[in-house]
Amino acid sequence: MTKSLKIDEKLEKYISDNSYDLHPVQKEIIKHNNSLGNTKKMQISVSQAYFLQLLIKSNNIKNILEIGTFTGYSALSMALATTTDGKVTSLDINKETSEKAESFFKKANLENKIKVILGPALDTLEGLKEEKKIFDLVFIDADKENYKEYYDLSMNLIKKKGFILIDNVLWHGDVADPVKNDRLTNIIREFNSLIKNDNRVEKTILPLGDGVTICRKI
Ligand SMILES: C[S@@+](CC[C@H](N)C(=O)[O-])C[C@H]1O[C@@H](n2cnc3c(N)ncnc32)[C@H](O)[C@@H]1O
């Protein structure tokens, strides 16, 4: 038996087809994203969304912060898993995709559970810090250049024993390829080593989707 598996689109579809039944609006968002060509890659995978949902349900998570809404697949998936009084605050800079996401949240009758804040996430996070907001879980999935700042700010916004999850930390596998030395690959490498050396959290990298780091604040 092989030790590792390359998850291509075909296999990802197989996983999706043979896993749990998606909510009709989750299906609709996937269909919409598939019509966008290459941009569809922005969306987290079905298995990543399921993992987030499982984590949220098993830890009774209420207050969620997301950095990077896109068309709303991850925000909607997380909102579906929170308690009835749970809330998702999702940040994005793109007006058009944020409006599309909001239209999906409305279709799913979850517009009261999910709040999209439009603008550069660094500014919004500073504002949330000033307001002394505290979250149970932060999901970071926006511009990689600001990952370190997003992580540092998130540490101020997360409760003790809360979770910070970060997407794309394996960067299509390039992080482990010594030949790959482009700017973004190196940014992700530096970020991964920062987390490795951060004693404030327990952490591991899960090979889900493009790689997700899960940190638990000690
Ligand atoms: C990978 S996508 C998020 C995907 C989403 N989590 C999902 O599963 O569908 C990244 C998002 O980050 C947003 N973004 C990029 N730079 C940003 C910034 N400086 N502030 C806020 N959002 C930003 C983009 O507009 C994009 O929608």
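Here is a short tour of this structure, one selection at a time. Keep in mind that you're looking at a predicted model.

**Stop 1: the protein chain.** Select the protein chain and colour it by secondary structure: there are eight helices and seven strands to find. Its radius of gyration is 17 Å, close to the 17 Å that the globule rule gives for 218 residues, so the chain is as compact as a globular protein of that length. If you turn the C-alpha trace along its principal axes, you'll see it span about 45 × 40 × 35 Å.

**Stop 2: the ligand.** Now select the ligand and the 19 residues around it. Which of them come nearest? Look for Gly68, Phe70, Ser74, Ala121 and Ala142. Next, colour this shell by residue class, and you'll get nine nonpolar, seven polar and three charged residues. Then highlight helix α4 (73–81) and strand β2 (87–92), since each supplies at least two residues of the shell.

**Stop 3: a pair of helices.** Select residues 121–130, which form helix α6, and residues 147–157, which form helix α7. The axes of these two come within 10 Å and cross at roughly 20°. An angle under 35 degrees counts as roughly parallel, so that is what α6 is to α7. The crossing is left-handed.

Now show the side chains that make the contact. From α6, pick Ala121, Leu122, Leu125, Leu128 and Lys129; from α7, pick Glu149, Tyr150, Leu153, Asn156 and Leu157. Colour this contact by class too: seven of its residues are nonpolar, one is polar and two are charged.

**Last stop: Ala121.** Finish by selecting Ala121, which is one of the residues that come nearest the ligand and also part of the contact of α6 with α7.

Terms used. Residues numbered from 1 in each chain as written. Predicted model: local features only at pLDDT ≥ 70, side-chain atom pairs only at ≥ 80, totals over all residues. Near = placed C-beta within 6 Å. Helix = DSSP H or I, 4+ residues; strand = E, 2+ residues; numbered from the N terminus. Nonpolar A, V, L, I, M, F, W, Y, C, P; charged D, E, K, R; others polar. Axes fitted to C-alpha atoms, helices over the stretch in contact; angles between N-to-C directions. Parallel < 35°, antiparallel > 145°, perpendicular 65-115°, else oblique. Left-handed = near helix turned anticlockwise from the far one by under 90°. Contact = placed C-beta atoms within 7 Å. Rg over C-alpha atoms; globule rule 2.2 N^0.38 Å.
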